[in-house]
Amino acid sequence: MTNAESGAQRTVVPIEPSLLIAEAFDQAQVTELRHSVTSCAHAVGLDGQRLDDFVLAVNELLTNAVRHGGGRGWLRMWRQSGQLFCEVSDHGQGISTQRLGDRSRPAAETAGGWGLWLAREMSDSMDVETGTNGTTVRINTAVAAPQHTARHPRG
């Protein structure tokens with residue numbers, strides 16, 4: 001006799017997905033990839049302002065890869081231990097130590113230079129590995145555990 005046949009209540013253990021997106025991109029794919037990031041981040045529990053902030057941070061990283069990293073890049077996004085991670089890599093010339101060390105907000109009238117600052121501000125943490133062979137930026141944000149509601153018979 002199986003659990004289904006016996007009428008016993010099943011325990012469902014959610015399987016935490018690992019890799020959500022792994023995709024190469026260039027300028028033509030940025031908008032479509034941003035929509036995919038939004039859908040996946042929402043599906044794993046981000047919503048409201050936290051979702052908007054995370055998507056903005058990822059969009060800045062995508063745009064930086066296209067503008068400053070050789071015109072194309074690679075995005076990976078995954079969920080692990082209650083965190084949503086996104087990593088964007090490119091094959092550009094790298095980011096200067098001075099630029100990486102500058103954590104001040106760009107001046108309001110500045111047209112460029114907002115990408116890394118926004119990505120850092122809009123995520124819980126940001127790590128950068130950079131060199132003459134390219135740059136990889138990883139951001140993450142906490143994802144709330146899915147809410148499970150128990151059904152109780154009315155009586």
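Trainee: So a cavity is a set of grid points where a 1.4 Å probe fits but cannot get out, and its lining residues have an atom within 4 Å of a point. With that in hand, which residues line the largest cavity here?

Mentor: Keep in mind that this is a predicted model. The lining of the largest cavity is made up of Arg-99, Leu-100, Asp-102, Ser-104, Pro-106, Gly-113, Leu-116, Trp-117 and Arg-120.

Trainee: How many cavities of 30 Å³ or more are there?

Mentor: The count comes to one.

Trainee: And what volume does the largest cavity have?

Mentor: About 50 Å³.

Trainee: Which helices supply at least two residues each to that lining?

Mentor: Helix 4, residues 97-101, and helix 5, residues 115-121, each do so. The largest share is three residues, and it comes from helix 5.

Trainee: How do the lining residues divide into nonpolar, polar and charged?

Mentor: Four are nonpolar, two are polar and three are charged.

Trainee: OK, what about the open space? How much lies in the largest pocket?

Mentor: The largest pocket holds about 420 Å³ of space. It is lined by 26 residues, and those closest to its centre are Asn-64, Ala-65, His-68, Ile-95 and Leu-116.

Trainee: Which elements give two or more residues to that lining?

Mentor: Helix 3, strand 3, helix 5 and strand 5 do. Helix 3 gives the most, with seven residues.

Trainee: And the classes in the lining of the largest pocket, how many of each?

Mentor: There are nine nonpolar, 13 polar and four charged residues in the pocket lining.

Trainee: Changing topic: how many salt bridges are there?

Mentor: Three. In general, side chains of opposite charge can pair when their charged atoms come close.

Trainee: Which residue does Arg-50 meet in a salt bridge?

Mentor: Arg-50 pairs with Asp-124, at 3.3 Å from N to O. Arg-50 sits in helix 3 (residues 48-68) while Asp-124 is in the loop between helix 5 and strand 4 (125-131), so the bridge ties together parts 74 residues apart in sequence.

Trainee: What are the relative accessible areas, starting with Arg-50?

Mentor: Arg-50 is at 39%, which makes it partly exposed. Asp-124 is partly exposed too, at 44%.

Trainee: Now Glu-87. Which residue has its closest N and O atoms 3.3 Å apart from it in a salt bridge?

Mentor: That is Arg-76. Glu-87 belongs to strand 3 (residues 83-90) and Arg-76 to strand 2 (residues 72-80), so this pair links parts that are eleven residues apart in sequence.

Trainee: Is Glu-87 buried or exposed?

Mentor: Buried, with 9% relative accessibility; the cut-off for buried is under 20%. Its partner Arg-76 is partly exposed, with a relative accessible area of 27%.

Trainee: And which residue bridges to Glu-87 with the closest N and O atoms 2.5 Å apart?

Mentor: Arg-138 does. Glu-87 is in strand 3 and Arg-138 in strand 5 (residues 134-142), so here the pair ties together parts 51 residues apart in sequence. Arg-138 counts as partly exposed, at 30% relative accessibility.

Trainee: Then which residues are joined into one network?

Mentor: Arg-76, Glu-87 and Arg-138 are, through salt bridges that share partners.

Terms used
Residues numbered from 1 in each chain as written. Predicted model: local features only at pLDDT ≥ 70, side-chain atom pairs only at ≥ 80, totals over all residues. Heavy atoms only, no water. 1 Å grid on protein atoms, 1.4 Å probe; cavity = no way out; pocket = protein on both sides within 12 Å on 5 of 7 lines; lining within 4 Å. Points joined across faces, edges and corners; volume = space filled by probe spheres on them. Helix = DSSP H or I, 4+ residues; strand = E, 2+ residues; numbered from the N terminus. Nonpolar A, V, L, I, M, F, W, Y, C, P; charged D, E, K, R; others polar. Salt bridge = Lys/Arg side-chain N within 4 Å of Asp/Glu carboxyl O. Buried < 20%, exposed > 50% of the residue type's maximum accessible area, 1.4 Å probe, protein only.
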